[in-house]
Amino acid sequence: MGAEGAKKRTIIFTYGTLKRGFSNHVLLQDMIATGDASFLGIYQTADRLPLVCGPYRVPFLLNFPGSGECVWGELYAVSASGLIRMDELEGIIRGHYERLPIKVQAQAQPDEDSVTMAAEAYYAHRNYAAAMWKRNGEIGFSIYSEKEAKGYVKRKDRPQHLTFLEQIGIFISSSDEQENLCYCNKHLSTTAAPLPIDVVNH
């Protein structure tokens, strides 16, 4: 299905672990099999946006247009029921991410102009986005590749006694020297570090 045939569906730009070859793509594979999603192609954000990694090398797109780089990702047309599943994965109601508009464009051939189209993407929630950007030294990257994903920890292997927002808070409040510390179940103590109250709002 091309973009023309996807008008009645929500167009979602994926930039991280939902992409092909990454751990959460299994959700999209299942949705494609049931007819709830279709792959539209490789696209790039029309604007520069910060793409960074947080705890466990989880990727976060930050809604700060003009900062960072133009980000590469994959575009999907998603049904209403499929969108519910994606919102659940991304923790929309829990304040993990928020789904907002984004402008993307396909990679143009040398003799063609790029065509910009409207889509939606899962951004880091505004409650912690600025702190996440600062924690990463205000340096982003243009693609979440195997290099950026090295050290990624799957959800089942993360501390189960901490919420994802608490894990984000620990990462943001840690120093640069602690960046390479492991926060998996095996190595993280049962006592979480106190969180700055202005970082995470429950």
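Tutor: Let's start with a word we will need: a residue is called buried when its relative accessible area is under 20%, exposed when that area is over 50%, and partly exposed in between. Please keep in mind that the model in front of you is predicted.

Student: Which residues in α5 are buried?
Tutor: Helix α5 is mostly covered, with eight of its ten residues buried. Part of the cover for these buried residues comes from β3 (51-53), β4 (59-61), β6 and α3 (126-135). The buried residues of α5 are Phe 164, Leu 165, Gln 167, Ile 168, Gly 169, Ile 170, Phe 171 and Ile 172.

Student: Stepping back to the protein chain, in what order do its elements run from the N terminus?
Tutor: You should find five helices and seven strands in the protein chain. Trace them from the N terminus, writing β for a strand and α for a helix, and you get β-α-β-β-β-β-α-β-β-α-α-α.

Student: What percentage of the contacts with a separation of 6 or more in the protein chain is between residues 24 or more positions apart?
Tutor: The protein chain has 202 residues, and 48% of them count as buried. Now take the contacts in the chain with a separation of 6 or more: the share that joins residues 24 or more positions apart is 74%.

Student: Which strand gives the most residues to the largest nonpolar core?
Tutor: That core has 52 residues, and Phe 13, Phe 60, Leu 61, Leu 75, Met 86, Ile 102 and Met 132 have the most contacts inside it. Six residues of the core come from the strand that gives the most, residues 116-124, which is β7.

Student: Is Phe 60 buried or exposed?
Tutor: Find Phe 60 in strand β4. The C-alpha atoms of Phe 60 and His 125 are separated by 9.1 Å, although the two residues are 65 apart along the chain. The cut-off for buried is under 20%. With a relative accessible area of 0%, Phe 60 is therefore buried.

Student: Which residues does Met 86 contact, leaving aside neighbours within four places in sequence?
Tutor: Met 86 is one of the residues with the most contacts inside the largest nonpolar core. Once neighbours within four places in sequence are set aside, Met 86 is in contact with Ile 12, Thr 14, Leu 18, Leu 27, Leu 28, Met 31, Val 78 and Tyr 122.

Student: What is the distance between the C-alpha atoms of Gly 82 and Leu 28?
Tutor: Gly 82 sits in helix α2 and is buried, with a relative accessible area of 0%. Beyond four places in sequence, Gly 82 is in contact with Met 31 and Asp 36. Along the chain Gly 82 and Leu 28 are 54 residues apart, but their C-alpha atoms are separated by 8.7 Å.

Student: Which residues lie nearest the centre of the largest pocket?
Tutor: This pocket has a volume of about 390 Å³, and β1 (10-14) and α5 (164-173) are the elements that give two or more residues to its lining. The lining divides into twelve nonpolar, nine polar and four charged residues. Of the 25 residues that line the pocket, those nearest its centre are Leu 89, Tyr 97, Arg 155, Arg 158 and Phe 164.

Student: Which residue does the UniProt annotation "active site" cover?
Tutor: Look in the loop between α2 (80-89) and β6 (97-106), where Glu 90 has its place. Not counting residues up to four places away in sequence, Glu 90 touches Leu 18, His 96, Tyr 97 and Tyr 122. With a relative accessible area of 11%, Glu 90 is buried. The annotation comes from an unreviewed UniProt entry, and the residue covered is Glu 90.

Student: What is the phi of Arg 57?
Tutor: In general, most residues other than glycine have a negative phi. Arg 57 lies in the loop between β3 and β4 and counts as partly exposed, at 26% relative accessibility. Arg 57 has a positive phi, with a value near 65 degrees.

Student: And in which loop does Glu 138 lie?
Tutor: Glu 138 also has a positive phi, about 55 degrees, although it is not a glycine. At 54% relative accessibility, Glu 138 counts as exposed. Its loop is the one between α3 and α4 (146-149).

Terms used
Residues are numbered from 1 along each chain as its sequence is written. This is a predicted model: local features need pLDDT of at least 70, side-chain atom pairs count only at pLDDT 80 or more; totals for chains, interfaces and linings use all residues. Side-chain values use heavy atoms; hydrogens and water are left out. A nonpolar core is a set of buried Ala, Val, Leu, Ile, Met, Phe, Trp, Tyr and Cys residues joined through side-chain atoms within 4.5 Å. Buried means under 20% relative accessible area, exposed over 50%, partly exposed in between (1.4 Å probe, protein chains only). Helices (H or I, at least four residues) and strands (E, at least two) are DSSP runs, numbered from the N terminus. Contact means heavy atoms within 4.5 Å. On a 1 Å grid over the protein atoms alone, a cavity is a set of points where a 1.4 Å probe fits but cannot get out, and a pocket is an open set with protein on both sides within 12 Å along at least five of seven lines; lining residues have an atom within 4 Å of a point. Grid points are joined across faces, edges and corners, and a volume is the space filled by probe spheres set on the points. Ala, Val, Leu, Ile, Met, Phe, Trp, Tyr, Cys and Pro count as nonpolar, Asp, Glu, Lys and Arg as charged, and the others, Gly among them, as polar. UniProt positions are given in the numbering used here, feature names are shortened, and annotations may be inferred rather than shown by experiment.
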